[in-house]
Amino acid sequence: YLTSKNNAFPVYQGATISEQFLDGVRAFIVQVGARATYEGTRHGSGLGTTYSYEYSDATLPIDGGNGQTLANAINDIAAGLTQAEDELKDRNLECAVVMLTYSGGGNVQVNFTGDTPFFGADVNDVGGADNVWMDAIEHELKDLSQEAANRIYTGTIDDFTTLDDVKGKIIFKVNYNT
């Protein structure tokens, strides 16, 4: 994550997000894991007992980010975008592109609540670490996009999308290939 001088995040750049915007940076890579919770439901009894699991919540910690999350990164990037718009008024098509990258299976943790088998449940019961990560990303971006201050672009990106369409917004590309 491209970050601040005060080492609140791992420092891949020596400038704050706002300074990077003012210097012309518009693309950021954020490597995140997932700490997801799934609610278990028991079906049937005896030998016919089965369990299903429903996603309920997650946090997306930045890999090596000293406790910072994707929500923190979006907040920083949105603030940097606002500052760039304010200070670079001659350039009215400011936007940001954020590539979210999967930080690997070891950085995906699952907590189960509700009904679970006596021998427990694990990440494979909900589709594996990749699936848990994608669930968490999908839900987190959907939740964060509800807050206008986060400036998340929710429209379609296609061959006809222009800078005018995305100005003032943060665009996400999700890369889940390990």
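This report walks through the sheets, the helices and one buried residue of a predicted model.

**How sure is the predictor?** The chain's average pLDDT is 86, and 90% of the residues score at least 70. Take the elements one by one and strand 2 comes out highest, with a mean of 95, while helix 1 is lowest, with 80. Watch out for residues 1–11: their pLDDT is below 50, though in the model this stretch still has 48 contacts beyond near neighbours in sequence.

**Two open sheets.** A bit of background helps here: strands of a sheet pair through backbone hydrogen bonds, either parallel or antiparallel. Here is how the sheets look side by side.

| Strand order | Number of strands | Pairing | Average turn between neighbouring strands |
|---|---|---|---|
| 3-2-5 | three strands | mixed | 30 degrees |
| 1-4-6 | three strands | parallel | 25 degrees |

Start with the sheet in the order 3-2-5, where the pairing is mixed. Strand 3 (50–59) and strand 5 (108–114) are at its edges; each has a single partner strand, so one side of each has no neighbour in the sheet. Strand 2 (residues 34–43) runs parallel to strand 5, and seven bridges link the pair. If you want a spot to look at, find arginine 35, which sits opposite glutamine 109 in strand 5.

Now for the sheet ordered 1-4-6, with its parallel pairing. Its edge strands are strand 1 (27–32) and strand 6 (170–175), each pairing on one side only. Six bridges join strand 4 (residues 96–102) to strand 6, again in the parallel sense. Along that pair, alanine 96 is opposite isoleucine 170 of strand 6. Helix 2 (residues 70–87) packs on this sheet and touches strand 1, strand 4 and strand 6, with its direction at about 145 degrees to that of strand 6. Helix 3 also packs on the sheet, touching strand 1, strand 4 and strand 6, and makes about 155 degrees with the direction of strand 4.

**A closer look at helix 3.** Does its length add up, and what span should you expect? At 1.5 Å a residue, the 18 residues of helix 3 (residues 128–145) should span 26 Å, and the end C-alpha atoms are indeed 26 Å apart. Its buried residues include Val132, Trp133, Ile137, Leu141 and Leu144, and also Asp135 and Glu140.

**One buried residue.** Phenylalanine 21 belongs to helix 1 (residues 17–22). Is phenylalanine 21 buried or exposed? Its relative accessibility is 0%, so phenylalanine 21 counts as buried. Setting aside neighbours within four places in sequence, its contacts include Phe28, Ile77, Leu81, Leu88 and Ala96. Phenylalanine 21 is also 9.2 Å from glutamate 94, C-alpha to C-alpha, although the two are 73 residues apart in sequence.

Technical notes. Residues are numbered from 1 along each chain as its sequence is written. This is a predicted model: local features need pLDDT of at least 70, side-chain atom pairs count only at pLDDT 80 or more; totals for chains, interfaces and linings use all residues. Side-chain values use heavy atoms; hydrogens and water are left out. Helices (H or I, at least four residues) and strands (E, at least two) are DSSP runs, numbered from the N terminus. The expected span of a helix is 1.5 Å times one less than its number of residues. Buried means under 20% relative accessible area, exposed over 50%, partly exposed in between (1.4 Å probe, protein chains only). Contact means heavy atoms within 4.5 Å. Two strands pair if DSSP finds at least two bridges between them. Axes are lines fitted to C-alpha atoms, for helices over the stretch in contact, and angles run from 0 to 180 degrees between N-to-C directions. pLDDT is the predictor's confidence in each residue, from 0 to 100.
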